[in-house]
Amino acid sequence: MTDRRAAEPLLEIKDLRTGFWTEAGLVRAVDGVSMTIANGERLGIVGESGSGKSALAASLLRLIGPTSGEILCGEILYRGRDLLALSEDQMRSVRGGEIGMIFQDPITALDPVFTIGDQLTETIRLHRRVGRREARDLAIQALTDVQIQNPAQRLDAYPHQLSGGMRQRIVIAIALSCQPSLLIADEPTTALDVTTQAQILDLIGRLADDRGMAVILITHDLGVVAGFCETVHVMYAGRIIESGPAAAIYHRTQHPYSAGLLGSLARLDAARQERLSPVRGMPPSLIDRPSGCAFHPRCDHAAARCRVESPELISHGGDQLAACHLAGQLDLAGLAGGGAGLAASGAGPIIPQRSGATG
């Protein structure tokens, strides 16, 4: 695989911090995240609900509500431009044009009182500056690209007339209709059955390869990214706590939280086990974070240092980073369960092997 990271990154995030004001205090949903993504790279962001994944995605496109949320500091450099320094008019040309986004729930992402054609052609006309007839032709092509049958007829349908899988394909078509260089997919398969999940991820991967498009896949399931992503970032309490090539995360995880996520996966191709090994306890409050390492109240390996000193995200061999005082000192293979098997097969519980996979 060509080392794309040696070139100038497509997107670079530096010390990004996003908060939401509540009566109880400031929720630090994104708390000092830094990362890069190269042209054509597939990157996964994984973590439990409440870890800050969706808040990070919304921050990248400046979709944080002005009444309750705020990007507190940091830089979001897209092709060298700081998106936080752009005017709202300039940002609108980037949002949906150069950077597309698939939202978590297609039924709420689509407006129920407008037809699919109205919503799709509006996006195309806004960013591609074409007339109504050409916009409709491009909309039909966009639906064809996501494998929707009878696309011309579907343009006249309303969202409630379509199945969940078809609505998700519509949302993908809208996100890709303006040929973006980067696609952010926020839990794109959560509400779908397992067969449709595999089809949707295969579709996104095929279109990304055909167009040379970078993808950020956000999910709570490490099994989903096993056969899809080249790079994985694991988030916890608003921060990245482990990062590296997917194979390294699955074979040699350095953080007990990542190992716990892997150990909680159900595997159809593994020997039968009596029970899974879930991560005990609940995610911490993002208003009143625990002292030291935020994971230490749930960690079976926590030492005295973990309770008072917050670990830095540093290298533990090659491109793999971990924010853990005990990284490299723990044997996490048993806790991680079938993680190495997932990486070796290129498949998670629901994802068929990626053809032509790199990384």
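This passage describes the sheet, the helices packed on it and the salt bridges of a predicted model.

Local features were taken only where pLDDT is at least 70, and side-chain atom pairs only at pLDDT 80 or more, while totals for chains, interfaces and linings use all residues. Residues are numbered from 1 along each chain as its sequence is written, and side-chain values use heavy atoms, with hydrogens and water left out.

Helices (H or I, at least four residues) and strands (E, at least two) are DSSP runs, numbered from the N terminus. Two strands are treated as paired if DSSP finds at least two bridges between them. On this basis, 8 strands form an open sheet. Their order is β6-β7-β8-β3-β9-β10-β12-β11, and the pairing is mixed. Strands β6 (99-102) and β11 (314-315) are the edges, each pairing on one side only. At one edge, β11 pairs with β12 (residues 321-322) in the antiparallel sense over 2 bridges. Here S315 stands opposite L321 of β12.

At the other edge, β6 pairs with β7 in the parallel sense over 4 bridges. G100 stands opposite L183 in β7. Strand β7 also pairs with β8, again in the parallel sense. That pairing spans 5 bridges. In it, D186 stands opposite I218 in β8.

Burial was assessed by relative accessible area: buried means under 20%, exposed over 50%, and partly exposed in between (1.4 Å probe, protein chains only). In β7, 5 of the 5 residues are buried, so the strand is largely enclosed by the rest of the structure. In a regular strand the side chains alternate between the two faces of the sheet. In β7, L182, I184 and D186 point one way. L183 and A185 point the other way. Both sets are buried.

Two helices were examined against the sheet. Contact means heavy atoms within 4.5 Å. Axes are lines fitted to C-alpha atoms, for helices over the stretch in contact, and angles between N-to-C directions run from 0 to 180 degrees. Helix α8 (residues 194-211) packs on the sheet and touches β3 (42-46), β6, β7 (182-186) and β8 (214-219). The direction of α8 makes about 160° with that of β8. Helix α11 (residues 256-263) lies across β3, β9 (231-236) and β10 (239-245). Helix α11 runs at about 105° to β9.

A salt bridge was assigned when a side-chain nitrogen of Lys or Arg lies within 4 Å of a carboxyl oxygen of Asp or Glu. The count comes to 14 salt bridges. One of them joins R42 and D209, at 3.0 Å from N to O. This pair links distant parts of the chain, with R42 in strand β3 and D209 in helix α8, 167 residues apart. R42 is buried, at 3% relative accessibility. D209 is partly exposed, at 43%.

D15 and R17 also meet through their side chains in a salt bridge, at 3.0 Å from N to O. D15 is partly exposed, at 34% relative accessibility. R17 is partly exposed as well, at 26%.

E88 forms a salt bridge with R95, the closest N and O atoms being 3.1 Å apart. E88 is partly exposed, at 35% relative accessibility. R95 is buried, with a relative accessible area of 17%. Both residues belong to a network of salt bridges that links R62, E88, D89, R92 and R95.
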